[in-house]
Structure formats: structure tokens, C-alpha cells
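Here is a short walk through one structure. Begin with the view below, then follow the text from the DNA outward.

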2 protein chains.
Amino acid sequence: MMRRTTEVTMGDIARMAGVSESTVSRALAGSSLVAAKTRQRISEIARNANFSINEQARNLALKQTRTIEVIFPIERGTLQQVSDPFFVDMLAVLTDELGKHGYDVLMSRSPPWDEDRPGCAFLGARADGVIFVGQGRHRSDIRDFARKHGKVVVWGAVSPGDDYCVVGSDNVGGARMATTHMLQLGRKRIAFLGDTDLPEMRQRFEGYCDALKAHDLPIDESLVIHTPFDIEKAREVSQPFVELFPRFDGIFACSDMIAIAAIANLRQAGIKVPEDVSVVGFDDIPSSAHVSPSITTVHQRIHRAGMLMVERLMGILEGGAPEPVVIETELIVRQSCGAH
Amino acid sequence: MMRRTTEVTMGDIARMAGVSESTVSRALAGSSLVAAKTRQRISEIARNANFSINEQARNLALKQTRTIEVIFPIERGTLQQVSDPFFVDMLAVLTDELGKHGYDVLMSRSPPWDEDRPGCAFLGARADGVIFVGQGRHRSDIRDFARKHGKVVVWGAVSPGDDYCVVGSDNVGGARMATTHMLQLGRKRIAFLGDTDLPEMRQRFEGYCDALKAHDLPIDESLVIHTPFDIEKAREVSQPFVELFPRFDGIFACSDMIAIAAIANLRQAGIKVPEDVSVVGFDDIPSSAHVSPSITTVHQRIHRAGMLMVERLMGILEGGAPEPVVIETELIVRQSCGAH
DNA sequence: TTCAATTTTGCAAGCGCTTGCATTTTTATG
DNA sequence: CATAAAAATGCAAGCGCTTGCAAAATTGAA
């Protein structure tokens, strides 16, 4: 293992090349201000000397960070439990899209507002902008943060009052489609599995209610199950729920992971999916097409979402004030709903 | 949406408070060098003025970055396709553990060696250290990088010749266990699904071969299927493979995602798991316990892995040269192997 | 050969923050 | 009240890089 070679700076290179630091800077930046020959020579020297530019200094001088902070507002300590592939995909898209614009992604463990540095009354500004992937239970924190810092885009439930830029799926519409689909298949008693404390899930709940109302069906509170995102917990929570069968013949799950957990419990109880119970999920995570039964679900256009968020953030960085966007969703019919 | 308020600096705060910049700096850092009263007053002013410290400048002065670069060496452009929950979990653990040590995580789109800045002959040093999650097809790149930059830890296949610090699961042992398990269940013709070009998969292949040899069974090349990680592609690749049935009665899959894809194809072809074919995966991703049949798999201790990597990286940053670690794996018996 | 026009290079200030050391203020003691 | 010791503050020099502007070197034409 190699020991840290004491960092070589531009000054060093300058000395080696017998030119000034500014010439090195320009040469390495490919400026046409420095003679092509010199530029080459300097590049060469820099390479041999194993020079790495100090991005911090560079960015300080340039007054930029070229970094965007991406925050997954997941309860602290729970992060370990995420595993919802939705998040990876989103992160992947964001990383890619931001990369295209020359930005790096900084993931920090904790949201900027719960800085815990002792006696520290200020937020750290380490990025040119922030993307929140999901509002979680932190709406008001995010709002405050956005008011103070401006350069913010959030993924989540889009609602009229927002004074910051939100990009999100059409949760209401998606859930309505999903529920309606089951109703049209003749199911009458459809359960809702999700955590309505989260704004997006709240919207999905609305869509679910809409669909029921449109079919003149009542909302049976005992079939609205507060189910967390985490698959292990979802499994536990849906355990007692399945015992309610046959009081329900359909399930709208707020995420594919929840659907998977629920189906596992149903099978375990000897209840057949989709014969006895029709199940529709949300997200369209990659494995939903490959599990058995494959899961009918509401597709979220994650790639498009990531692109739009980045695009909007860039707009904000340039001084604009882009509008929020609602992204349409699509029902992907597979086996779990029983539509053949 | 708020417009960018022109950044307020320490100088501004100093002026407002009628003290020098250095006092502000110390006050905000909670130094006992400045009178408690003054400290409070300054904090107050800073808060009201909505001051954010410029971490870049701070870090420059402090000669640190407090940032670790985490790289998932996934082919460029493919990133979108990851979705393997293994990665999220790893990322989550790393983010958490590094956070505990006061480090942020920088995810960059591309590995440091394929910087594409025009005319740029140098690497950007933007982090105090680098963690590679997987060596992928980039072993030699990583080795070069490690030689030059030192502060590197990689997750992947641990092998004797490494001159950098590697942390990895006992792939050989895990695969051997998995395969042996099926052999003990009476299976004779076990297929291998994975991409042996990747060092870790190569090791798993070794373990697989070991087990077969120990049982005096030949290695049937036609049952060694080059299967990529991506679930969609895995599904495609294993499609023609299942038609070989009944030439095989067991499958060792290099990841749970591959196992899930293979099982989907088997079922589609009317082949029963585990009755007709016994399947064992690798990783123990969260959903493997909840799909049907639940997947017997080799558990990777991701949390421990993340902790160890961070611990080792910290060691390196302090000038040490920690040893590589092999982390033992564990066979989790569920339904897909047919062991009841 | 001379001088203006051009091309290359270097100087020095500045990015926003930290910190060693000197200076000033406060406190305690004789 | 003087004075030494202790506490609080400020000065100024960095951290490694960029860049406007001035200076030096080169070129070309007269």
C-alpha cells in the first residue's frame, strides 16, 4: 500500500516547468492563451509528476461547487432498511443526468437541517443545489429550507400550495386507475395498504377513494391498513390483515414492495392471488415483472422524472423559477390482478 | 420561489457584529477562545442573517475535504439498469458509516480514470479517499489508481496478489456451501448462472466447481451459463437455458436477482421450483424472503462489510496499511432449494 | 533595423475561511 | 492603584487555484 505522497500543487509544476503558476493553470485548462508547445510540455510534466488538481481550491476560485446534494429523507438510522429499488433507480438516473450537466452528486446522511455539529448555528453550503427525493414527513422542514436557500427541487406529491419546485407522479390518477381496474374486474371489497401520513401515499389514497366513490362503493375503514414502506415491516403489518379475508377480494398496495410482502402473506395463509384476491402495486420496480405472480402495477416514469428534476434544477440555478410538473402514470397489467 | 440572495460571508457577519472575521470564525466553531457572551451574540447574528458557511473555503483552509468518493463501477450508461438492491443497501451502509466519522459521500458518474474533461491530463482530487463497490471489469484501472492515489478501499474479490485493501465476502466458500447443499439434497446436475468475467463471480464459480469435485461430479460446460447482472438481461439469457431441462435439476445463481429471473422462466416453462429444479441464489436481498417460492441464498453481511470498509479506509487515512478482509457468508435455507 | 501589432507570459489580487502570534482588554493580586 | 497574569480579540499570512491587466517576447512590415 502506498503512502500518501505529499500533494503536488500547481506551484510545483510551475517550478518544474520554469513558468509561472498562472501559465500552468491556463495550460491545464487548455486555454489558447498559452502557446500550444508550452501547453503540451506542461501537460506532460503534470502527468509525470502525478499531479491532481485541487478541486476545492479551484471551485473556491471559480465560486462554484459543481455539486448537487441529493437527499433521501429517510428516517435516520433506518437508511439501512431502504432497499426499495425505486430509490436506487432514481439515484442512478439523477447521478447520470446531473453528470451530463457536469455536476457531481453529494449524498449526505442527514438532511441539512439537522446538522448536529456542536454550537453550530448555521447550515453548511456545500452544493449549488439540493434535490430531495421524497418529502417524507419533512414537508415543513423542506419548505423552510427551500425558502431560505432557494435552489431546491423535490420529488414527491405535487400540490397547489407549494412554493418550491416539486416534480411528482400523478399519484391520484395512478391509484384511481389501479383501483378502477380491479373494480372493473368485478372486485368489490378492495383494501388499501400504505402509509397515508406520507403526502404521496395520501394522494394515492385519494385516488383509491375516488375510484370507489365513482362506483358507489363505501370506504371501509377496516380495510385501510397503515403499512410502512420497509418490506419486513410491511410483511408484519399485513400479517394480521390477511386474516380478515374474505372481507376483501382486492388489494391496492402503495408500492410493489408492499404488494410483494402482502402476496407472501396471502399465499402463506393459503389464499390465492389473483384468484381469491386481486393485487395491484405501484412503482413498477424491475423485479415486479419477474416474481410470481408477476405484479400488475402503476408504472412511475422514473427516468423522465429524474431528467425533469435535473432540468428544473438547472433552470433554477440559472435564475429561473420553473413550474412544478405532474408526470402521468401508466397501468401495467400483469398477473396479480387476475385480468389474464 | 426565492431568488438567490447574494451569499453572506463571515466578513459580513463580522461587520454586523463589529468584530473581526477571526472572532466570527472562532465563535461559530465554538472555540472557547472567544467570550461566551460574544459567541452567543455572533451566533444569533449569523442565524438571523441566514449565514451558511462556505464549506469549500473552510475545507481548503483546513486542508481536508471530509468527503469520500464512492464509486459503483458500472458500465457507463448502464447505471440506469442497476436496481440490484444489493447496491442500495451497500450505499446506505456506507453513507451511514462514513457519516459517523464525519464524512460525506460523493457519488460520481464515472470512475476517476475516465475523466473526459478536454485537454485535461490530471485526475481531480476531490475526496480524501475512494471506495470502489465492486471491481467490475476494471481491476487494472483500480490497481493503477490505488497505486497512484493510495487512499483506496475496494469491495470485491479478495485475492492474494492485491496491493491495495480489499474487503469481500467469502465467495468461494459461499458458493461451495450453496452447491454442496443442493448436492446433499440429492441433486446431481447443477447449473451455474453468472458472469465469470467478474472476479467475484469467478470465485463463486470456483466454489461451485469445488463442491462438484468433492462429490466426484464432472463440470458440465453446457450448464455454465454466462448471465449478466441486470434482471431483464438475466431473464433473456436464461430463457433458452431452461429449455435444456431436464438436463439439470439444480441451479446456483450468482445473485438473487438472477435467481428470480431464472425462476420466472422456469415457471413459465411449467417447470416446478423446487420440485423439479432446486435453486439457490446469492446476496440475500430483502425481497428474497418474500417472493414465492422464497429463495434459499448465501447471505452477504453487507452491514458488516460497509463497516469494515469504512474502518479500513479511516485506517489508511491515518497512515496505516490495513489488511484485506474476507467476510464469512452464511447459507439461508428457504423454499427454493426444496429442503423443506 | 525599428516600431507597432500580436502573441505569450507573469504579477498580484482575490475566492472565504482558519490560525499562530501579537495586541489589547479584563481580572485578580499585592 | 499598580502590575502581572489571564482572557479576549485582531492582524495578517496562508490554503491552491483563477484571471484581469500589465509586461515581455515574438512577429511582421516598413
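**Where protein meets DNA**

Start at Ser25(A). A polar side-chain atom of Ser25(A) lies 2.4 Å from a phosphate oxygen of DNA strand D. The model is predicted, so treat this distance as a computed one. Ser25(A) falls within α2 (21–28) of chain A, one of the elements that give two or more residues to the surface near DNA strand D. Chain A also gives β1 (52–54) and α4 (55–62). Chain B supplies α2 (21–28) and α4 (55–62).

Now move to Met10(A). Here the backbone takes part: an N or O atom of Met10(A) lies 2.6 Å from a phosphate oxygen of DNA strand D. Ala61(B) also uses a backbone N or O atom, but its partner is a base oxygen of DNA strand D, 3.4 Å away.

Step back to the whole surface around the strand. There are 27 residues around DNA strand D. Met10(A) and Ser25(A) are among those that come nearest, along with Ser20(B), Thr23(B) and Arg26(B). By class, this surface has 12 nonpolar, 10 polar and five charged residues. What share of the DNA strand D atoms within 4 Å of the protein belongs to sugar or phosphate? The figure is 66%, and the rest belong to bases.

Finally, look at chain A as a whole. Chain A has 11 helices and 14 strands. Of its 340 residues, 58% are buried. Among contacts with a separation of 6 or more, 70% link residues 24 or more positions apart. The accessible surface of chain A is about 13,900 Å², and carbon and sulfur atoms account for 50% of that area.

Key: Residues are numbered from 1 along each chain as its sequence is written. Chains are lettered from A and ligands numbered from 1 in the order in which they are written. This is a predicted model: local features need pLDDT of at least 70, side-chain atom pairs count only at pLDDT 80 or more; totals for chains, interfaces and linings use all residues. Side-chain values use heavy atoms; hydrogens and water are left out. Helices (H or I, at least four residues) and strands (E, at least two) are DSSP runs, numbered from the N terminus. Buried means under 20% relative accessible area, exposed over 50%, partly exposed in between (1.4 Å probe, protein chains only). Contact means heavy atoms within 4.5 Å. Accessible areas come from the Shrake-Rupley method with a 1.4 Å probe; for residues, only the protein chains shown count as cover. A residue is near a molecule or strand if one of its heavy atoms lies within 4 Å of it. A polar contact is a pair of N or O atoms within 3.5 Å; within protein, one must be able to donate a hydrogen and the other to accept it, and residues adjacent in sequence count only if both atoms are side-chain atoms. Ala, Val, Leu, Ile, Met, Phe, Trp, Tyr, Cys and Pro count as nonpolar, Asp, Glu, Lys and Arg as charged, and the others, Gly among them, as polar.
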